[in-house]
Structure formats: structure tokens, C-alpha cells
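Open the model in your viewer and keep the selection panel at hand. The stops below go one by one.

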Amino acid sequence: MIKTVSFSKPLTGTITIPADKSVSHRAVMFSSIANGKSIIKNFSSGADCHSTLNLFKQLGIKSEFLDEKTLWVEGGNLTDSNSALDCGNSGTTMRLVSGILAGQNFNSVLIGDVSLSKRPMKRIIEPLTLMGAEITAADGHAPLAIKGCPLHGIEYISPIASAQVKSAILLAGLRAEGKTTFNEPYVSRDHTERLLKYLGAEIQGTTIYPSELTARDIDIVGDISSAAFFIVAGLIIKDSNFIIKNVGINPTRTGILDIVKRMGGEVYIINEREISGEPCADIRVQYTESLKGCVIEGSDIPRLIDELPVIAVLASQAEGEAIIKDAGDLRNKESDRITCLVKELQKIGVNIEERPDGFVVRKSDLTGNAELECYHDHRLAMSFYIAGLISKKEIAINGFEWTKISFPEFEELINSLYN
Ligand code: S3P
């Protein structure tokens, strides 16, 4: 599907950002392995989270929607589905579920779409194998054949900061003998630790002991990664001023807010509260004429990893230079988010240069007048859309339907801000 986008009027009004994808995945997974029935409110409508839900139904878990975004899940023992489990496009599903299935008393096969089948799985296979798991994969890629085995705890020092790897290990640790500890170079998102604690697991920091989970209702906060597209749009589209309600502001996810502050952007946090163990707030964003470039590196990276494509668009409107370093893992996302981002943004006049572990962006006049490829990558599609809103001439985005992976409501919400 080709989507055309042209120069935007100011964005004003109020929107409510839909559910966090990371928390939605975990809510279904953990409720499925908890004892009892729970209600999950404000579940994501993204295709990735529905892949997780369908997968647990294949594993014998009963669940039904009460309305569009509310469902109940009856947790308990998982059972052999006797068929391949389809993770679709979702790396979170494949990696976290591997940790859950490694310690079961049945065997499983996990498959994914073309993009997911190219993504590295050694990062979970290696530590899970150290715990006693038996996982076979061709050259470290899906399909993954998992033989259910008794597991034992380990202390693992991860070479990369990754919430997916951390979560796979901690979930395996729930059923392993002894304690399991995960260490990483920088702190990655901690939704797994928070939600496991909320459901009664014995977990301190990133050390977990074998535990039973008890079902509890979970209300899901809005997704700051989805809000990021609006934050950037509000900062760069002249005379914009609006409120984004119900945004998760877990400190392991708020790198975008810190960077905006560093760049001089006008973003205000209001009405802070907590929902099912996750901090949440409303955010007011305002057009900011004088943004300045900055360096984004090291511990910043895991706190804004998914926002880097749209941060590139933001940086194209800032004085001086924005330098993004230590982000080599961006090449292992739904696409190679360094090469693909740089190549496509250059087509519409962004002064952006590829580096092995990131990119450099300088202030640019966006000419537009080009067709951009989104490489089956939802976050590239939405980042290009935001770039289109400040481009002199119309742009076209090929593959815009991929936004359905995380944020089907994206364009409708943008349109609701034209008052
Ligand atoms: C996620 C963790 C991050 C992120 C992904 C979702 C999660 O991946 O990029 O979109 O829900 O745990 P890594 O763990 O590979 O950094």
C-alpha cells in the first residue's frame, strides 16, 4: 500500500495514546502461566501482540475479548500444541516465549515471517543452553526447535543490553532449579521485572528464584514508543500544541524525553500516576523553533532504541549536528534500521550519514518529492510519515500497511489533531 503525505497544518487538541506493545505482550504471556483468571484492560491492537495471544491459545490457554481492548485470560499449565507456533513479525514473542517453553515437559517449534526468520536468535539460545535448554536452529535463526528440559539457574553476563534476552532468561529462571541472575552493560526496559513482581514472583532486581505466579488484573499504560512519533511531530510542525494522554513513563523507556530536553524541545509531563506497577503521565508538546543537535550514546541507547528512526527526523530540524553512537543493534531490528533509514531519508533531502554503530544528522530542508521504501518495518513507515509532514513536496511511502504491526491507529490519531 502506497501512502502519500504532504505538508502539515499545526497539530492541536488531545489524543490518548494506545497500549504499550512491550507490556501487552508480557501481560498475555505472564497471565497465561499464572494460576487463575485475570482481566487485561487496554490491550494493544497491534498485530505483534495478537501473535502472542494466538500463540498462547495454541498452547491451550483460554481467553476471550470482552470488548475491543479488554480480554480475560485463564492461566495455568501450557499444553503441547502439536503444531508450529507462529510468532509472525514479533521478535519479542519469539525470544520471550523461548524462555517460557525451554523448561516445559513438551517440545515446541517456533516460526516467524521472513523478517523475523532473519533476526539473530543466538543471543537467547546461548544463555538458555547454559541453563540446560536444548534448542536447535539453523545458523542461529528461526525456526527454533525447543526440546522441553529441566533447567538450572545461572549467573549470566550479557554482552548486549537487551530486554528480550533478559526476559527470556528470567522467564526460564521461573522454572529453573536455584537462582538465576542476569547482568547487562546498560539497563534495558524492566517491564518483565515489574510485572513478574506484581504477579508475586520472587524477584529482586534481575535475580529471580523459582516461583509460581498468581493471576491479577492488569491495566496497560500507553506506549511511549508510539507517543514518540507525536512528540516529534509536535516539536517540528509550526504552531503545534497538544496533549498526549496516558503515556507510560517507565524510566527505562524515557530516553526520548531526556533527548528532547537536551535538544531544547518544549515537552511537559503532567498528571503523573501509576497503573499496574508502571508509571504513567500525560505529556504536553509544543512546537519549538530553536532545537539544537546533541550526542546520543551509551546508556541512552536502550532507553530509546525504538525511537531512533523518528529521532533522526527530529534531528534534521535541529541546529548543528546530532551524533548517534553505540546503536549497532539497530541493524538487527525489523530491518537494518541504520542502512535503510539513512538511504530513504537522503532521498527527501535529509543530511544524514551512516556510521557502523549509528548515524550523524545535520540540519536540513526536507524537499520531499520521492517514494520511500519502508522495508516491511513499521517504525520506518511511521517515521517517514512524520518527515512527510514537514517536506516541501509530497512524499509517498511504500508498504505503509506495516504500521499495523504496532500502531494501527497511527494515521487516524494524527488526523484527529487537525482542528
Ligand atoms: C523489546 C525490547 C527491545 C525493543 C523491542 C521490544 C521488549 O529489543 O527494541 O521493540 O519488549 O522487550 P531488544 O531487547 O532486542 O533491545
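Begin with the second largest cavity, whose volume is about 30 Å³. This is a predicted model. To outline that cavity, select D20, H191, V221, G222, I224, G248, N250, R253 and E278, which line it. Colour them by class: the lining of this second largest cavity has two nonpolar, four polar and three charged residues.

**The largest cavity**

Clear the selection. Now pick V23, H191, R194, L195, I218, S276 and E278, the lining of the largest cavity. The space inside is about 40 Å³. Which helix gives the most to this lining? Helix 6 does, with three residues. By class, the largest cavity's lining divides into three nonpolar, two polar and two charged residues.

Keep H191 and E278 highlighted. Both appear in the lining of the largest cavity, and both appear in the lining of the second largest. How many cavities of 30 Å³ or more are there? The count is two.

**Helix 6 and K197**

Select residues 191-198 to show helix 6, then find K197 within it. Is K197 buried or exposed? K197 has a relative accessible area of 52%, over the 50% cut-off, so it counts as exposed. Next, add T14 and draw a distance between the two C-alpha atoms. K197 and T14 are 183 residues apart along the chain, and their C-alpha atoms are separated by 33 Å.

**The four-stranded sheet**

Switch to cartoon view. Look for an open sheet of four strands, in the order 10-11-13-12, with mixed pairing. Strand 10 (155-157) and strand 12 (203-204) stand at the edges. Each has a single partner strand, so one side of each is left without a neighbour in the sheet.

Zoom in on strand 10 and strand 11 (residues 180-183). These two run parallel and are joined by three bridges. For one residue pair to display, take E155: its bridge partner in strand 11 is T181. Show backbone atoms here, as strands of a sheet pair through backbone hydrogen bonds, either parallel or antiparallel.

**Helix 5 across the sheet**

For the last stop, select residues 163-174, which form helix 5. Which strands does helix 5 lie across? They are strand 11, strand 12 and strand 13 (207-208). Turn the view until helix 5 and strand 11 are both in sight: helix 5 runs at about 175° to strand 11.

Notes. Residues numbered from 1 in each chain as written. Predicted model: local features only at pLDDT ≥ 70, side-chain atom pairs only at ≥ 80, totals over all residues. Heavy atoms only, no water. Pairing = 2+ DSSP bridges. Contact = heavy atoms within 4.5 Å. Axes fitted to C-alpha atoms, helices over the stretch in contact; angles between N-to-C directions. Buried < 20%, exposed > 50% of the residue type's maximum accessible area, 1.4 Å probe, protein only. 1 Å grid on protein atoms, 1.4 Å probe; cavity = no way out; pocket = protein on both sides within 12 Å on 5 of 7 lines; lining within 4 Å. Points joined across faces, edges and corners; volume = space filled by probe spheres on them. Nonpolar A, V, L, I, M, F, W, Y, C, P; charged D, E, K, R; others polar.
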